[in-house]
Amino acid sequence: MFGKKIFIAVAAVLALALSAPQAKAKQDILFGGASIVGVYYQVALQISNIMNNEIGDKYNYIGRPTGGSVFNINALERGAFDFGVAQSDRNWQAYNGAAEWEGKPIKSLRSLFSMHPETVMLVTRQDTDIHSVEDIKGHRVNIGNPGSGQRGNAMDVLEIYGIDPQNDFRAEGLQHHEAARALVDRNIDAFFYTIGNPSAAIEEPATSVDIRMIHINAQGIKDMVEEQPYYIMTTIPGGTYRGVDEDIETYAVTATVVSDEKVDEQVVYDMVKTVFENLDALRASHASFRNLQVEEMLQGLSAPLHPGAKRYYQEQGWM
């Protein structure tokens, strides 16, 4: 009799538990950035923080460090990530089947919005004899890790300046944070870097050694910018980095948040809506984001818009 009462009580508890409303599981969203010292990682991290703060009951955003633009685009196609950050030129190449995607276009790539402009830089120590791009011949120079947009930009610069990375200098394939340390430790003499300003990857070595930044403004560079809609000529103002007092002329791409057509429209809509409704928080989260403006964030999108993003922009009357 006693056992029967226990059975009835347990059954009643189970019935109540089964009839109670069940909390809906959060959806994990993976967001690919780049090197942990780069601004791409900050894009993924800070947007993830905003999403978790604002609608964390629905989604669990996770910002991940990655190998960069090419890695992120390929990961999106495989479904390994939901969102990623990639350079505007790399997006164009992937969607149109150029560069690493020659003959294999990723037609499922979709744009959401642009972030900060990113300058292509060549940084060296002041104790080297590198005063121009041509001067890197015979030196140890980091051109970026394979699969990064930075490496693609470096290769474009080298081609325009007629420099052979196989024979004219010792090319290294380090990630951003490794290159900064290698410059300080004199394991390399210079590095190419594509990044928004100001960047900790430049500020940190500048506190340890005297640095010099090199103009990347040959006529061939200007011609390339004129031909390609995803490039602009720009200037890094003197004083942006310790020891670099003159304005440095170079060119830039745009950091773009991208996704894949397979990602659910509502997921994308929720993300875009939340970002733009909390734009002040995003601006305040990192120095590279302080000047974000809506109209500029809808420019430089070199792959088609995702329907979720397009729906929000149409609701706002922005397109």
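Buried means under 20% relative accessible area, exposed means over 50%, and partly exposed lies in between, with a 1.4 Å probe and protein chains only. The structure is a predicted model in which local features need pLDDT of at least 70 and side-chain atom pairs count only at pLDDT 80 or more, while totals for chains, interfaces and linings use all residues. Residues are numbered from 1 along each chain as its sequence is written, and side-chain values use heavy atoms, with hydrogens and water left out.

**Exercise 1. Describe the chain as a whole, beginning with its secondary structure.**

Step 1. Helices (H or I, at least four residues) and strands (E, at least two) are DSSP runs numbered from the N terminus, and the chain has twelve helices and ten strands.

Step 2. The C-alpha trace spans about 95 × 45 × 40 Å along its principal axes, and 51% of the 319 residues are buried.

Step 3. With contact taken as heavy atoms within 4.5 Å, 74% of the contacts between residues at least 6 apart in sequence join residues at least 24 apart.

**Exercise 2. Classify Arg-186 as buried, partly exposed or exposed, and describe its backbone.**

Step 1. Arg-186 has a relative accessible area of 41%, and is therefore partly exposed.

Step 2. Arg-186 is placed in the loop between H6 and S7, where its phi is near 65°, a positive value in a residue other than glycine.

Step 3. Ala-99 likewise has a positive phi, near 55°, in a residue other than glycine; Ala-99 sits in the loop between helix H4 (88–96) and S4, and because its relative accessible area is 40%, Ala-99 is partly exposed.

Step 4. Two further backbone features can be added: Gly-79, just after H3, takes a positive phi of about 85°, and the peptide bond from Asn-197 to Pro-198 is cis, with omega near -5°. Pro-198 belongs to the loop between S7 and helix H7 (200–208).

**Exercise 3. Trace the salt bridge of Arg-125 and say which network includes this residue.**

Step 1. A salt bridge is a side-chain nitrogen of Lys or Arg within 4 Å of a carboxyl oxygen of Asp or Glu, and by this rule there are 14 salt bridges.

Step 2. Arg-125 forms one with Asp-189, their closest N and O atoms being 3.5 Å apart. Arg-125 lies in strand S4 (residues 109–125) and Asp-189 in the loop between helix H6 (176–184) and strand S7 (190–195), so the pair ties together parts that are 64 residues apart in sequence.

Step 3. Both Arg-125 and Asp-189 are buried, and a network of salt bridges links Arg-125, Asp-127, Arg-140, Arg-186 and Asp-189.

Step 4. Another salt bridge joins Arg-181 to Asp-185, with the closest N and O atoms 3.4 Å apart; Arg-181 is partly exposed at a relative accessible area of 46%, and Asp-185 is partly exposed at 42%.

**Exercise 4. Which side chain of opposite charge is nearest to Arg-212, and what does Arg-212 touch?**

Step 1. Arg-212 is placed in strand S8 (residues 211–213).

Step 2. For charge, Lys and Arg count as positive and Asp and Glu as negative, while His and the chain ends are not counted. Arg-212 is buried yet has no salt bridge, and the nearest side chain of opposite charge, that of Asp-129, is 7.1 Å away.

Step 3. A polar atom of the Arg-212 side chain lies 2.8 Å from the backbone oxygen of Ile-130. When residues up to four places away in sequence are not counted, the residues that Arg-212 touches include Leu-122, Arg-125, Thr-128, Ile-130 and His-131.

**Exercise 5. Where is His-306 placed, and which residues are in contact with His-306?**

Step 1. His-306 is found in the loop between helix H11 (294–297) and helix H12 (307–316), and because its relative accessible area is 1%, His-306 is buried.

Step 2. A polar atom of the His-306 side chain lies 3.5 Å from the backbone oxygen of Asp-260.

Step 3. Leaving aside neighbours within four places in sequence, His-306 is in contact with Arg-110, Ser-111, Leu-112, Ser-259, Asp-260, Glu-261, Val-263, Asp-264, Glu-265 and Val-268.

Methods: A polar contact is a pair of N or O atoms within 3.5 Å; within protein, one must be able to donate a hydrogen and the other to accept it, and residues adjacent in sequence count only if both atoms are side-chain atoms.
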